[in-house]
Amino acid sequence: MSNPLYWILGTLLLALVAGGLAYGLTTSKLGRYGPYIGAGFVLALVWTAWPYWAIYDLQTALLSGDKVRLSSRVDWTSVRDGVRDDLKAAYSSKIIAIDPRMQTLSEAYSRAAIDSVVEQQINPEALSAMAQAGGEVSEPMAAVRYAFFQGSPLVFRMDLGPTFSTQEERTIYLLEWNFGWRLKRIIVAPYLLKGLG
């Protein structure tokens with residue numbers, strides 16, 4: 001069911017069924033616009049539920065180590081670039097050297113180390129291994145503090161963090177729709193970045 005074509009066909013089928021039901025049930029109350037209102041309601045309901053299904057599908061793909069589904073649910077290049085940028089910005093702000101040459105060398109070393117760590121850890125194999133070992137990602141749904149659309153019906157935001165966590169303690173996951181919902185960006189919790197150094 002992770003194929004977007006199934007969702008599109010299923011949505012159209014549900015809209016047709018809803019239109020038929022709405023025509024029979026609401027024609028007397030809403031006139032000839034009843035079927036369209038019913039179909040629109042079903043489409044909105046399916047569109048709202050779709051990203052939640054994508055999150056659930058991503059979780060089960062992680063737990064089962066299904067690399068095919070993970071590749072369809074995650075834009076790995078974009079996610080790695082975002083995490084890499086967050087880490088580099090956090091490290092660069094902590095590097096202070098009196099000698100400008102040492103400053104440049106330290107920054108270059110930290111960038112190379114971050115590139116290596118991100119490549120090794122942000123990939124289907126590493127995250128699946130963590131999930132299967134019962135790590136922090138084994139039950140991400142239990143840590144969800146917020147999940148809804150963010151500024152657009154094509155962007156969905158999910159905040160993960162401990163119970164009673166503040167916004168600074170939450171990691172933000174952004175999914176974008178491009179003929180299917182995919183994880184596009186992970187914004188590392190600010191308190192984790194402050195602890196680096």
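**Aromatic pairs**

I began with the aromatic side chains and found that the structure, which is a predicted model, holds eleven aromatic pairs. I looked up Tyr52 and Phe156 among them: their ring centres are 5.0 Å apart and their planes stand at 80°, so I entered the pair as edge-to-face, for which the planes must be over 60 degrees apart. Because Tyr52 belongs to helix α2 and Phe156 to strand β2, this pair ties together parts that are 104 residues apart in sequence. I then asked how exposed each partner is, and noted that Tyr52 counts as partly exposed at 31% relative accessibility, whereas Phe156 is buried, with a relative accessible area of 0%.

I turned next to Trp177 and Phe179, whose aromatic pair is tilted, with 5.4 Å from centre to centre and 45° between the planes. Trp177 counts as partly exposed, at 21% relative accessibility. I also noted that one aromatic cluster takes in Trp47, Trp50, Tyr52, Phe148, Phe149, Phe156, Trp177, Phe179 and Trp181.

**Phe179**

I stayed with Phe179 and placed it in the loop between β3 and β4. At 57% relative accessibility it counts as exposed, because the cut-off for that word is over 50%. Its backbone caught my attention, since Phe179 has a positive phi of about 60° although it is not a glycine. I wrote the background beside this entry: most residues other than glycine have a negative phi.

**The largest nonpolar core**

I looked up which residues touch the most other members of the largest nonpolar core, and among its 29 residues these are Phe156, Leu175, Trp181 and Leu183. I then traced where the core comes from, and found that α2 (34-64), α4 (76-94) and α5 (100-121), together with the strands β1 (144-149), β2 (155-160), β3 (171-177) and β4 (181-187), each supply at least two residues. Helix α2 gives the most to this core, with six residues.

**Asp115**

My last entry concerns Asp115, which I located in helix α5. It counts as partly exposed, since its relative accessibility is 28%. Which residues does Asp115 contact, leaving aside its neighbours within four places in sequence? I found Arg84 and Lys88, and I noted that the side chain of Asp115 makes a polar contact with the side chain of Arg84, at 2.9 Å. I also recorded the C-alpha to C-alpha distance between Asp115 and Asp85, which is 9.7 Å, for two residues that are 30 residues apart in sequence.

Technical notes
Residues are numbered from 1 along each chain as its sequence is written. This is a predicted model: local features need pLDDT of at least 70, side-chain atom pairs count only at pLDDT 80 or more; totals for chains, interfaces and linings use all residues. Side-chain values use heavy atoms; hydrogens and water are left out. A nonpolar core is a set of buried Ala, Val, Leu, Ile, Met, Phe, Trp, Tyr and Cys residues joined through side-chain atoms within 4.5 Å. Buried means under 20% relative accessible area, exposed over 50%, partly exposed in between (1.4 Å probe, protein chains only). Helices (H or I, at least four residues) and strands (E, at least two) are DSSP runs, numbered from the N terminus. Contact means heavy atoms within 4.5 Å. A polar contact is a pair of N or O atoms within 3.5 Å; within protein, one must be able to donate a hydrogen and the other to accept it, and residues adjacent in sequence count only if both atoms are side-chain atoms. Rings of Phe, Tyr and Trp (its six-membered ring) pair if their centres lie within 6.5 Å; planes under 30 degrees apart count as stacked, over 60 as edge-to-face and the rest as tilted.
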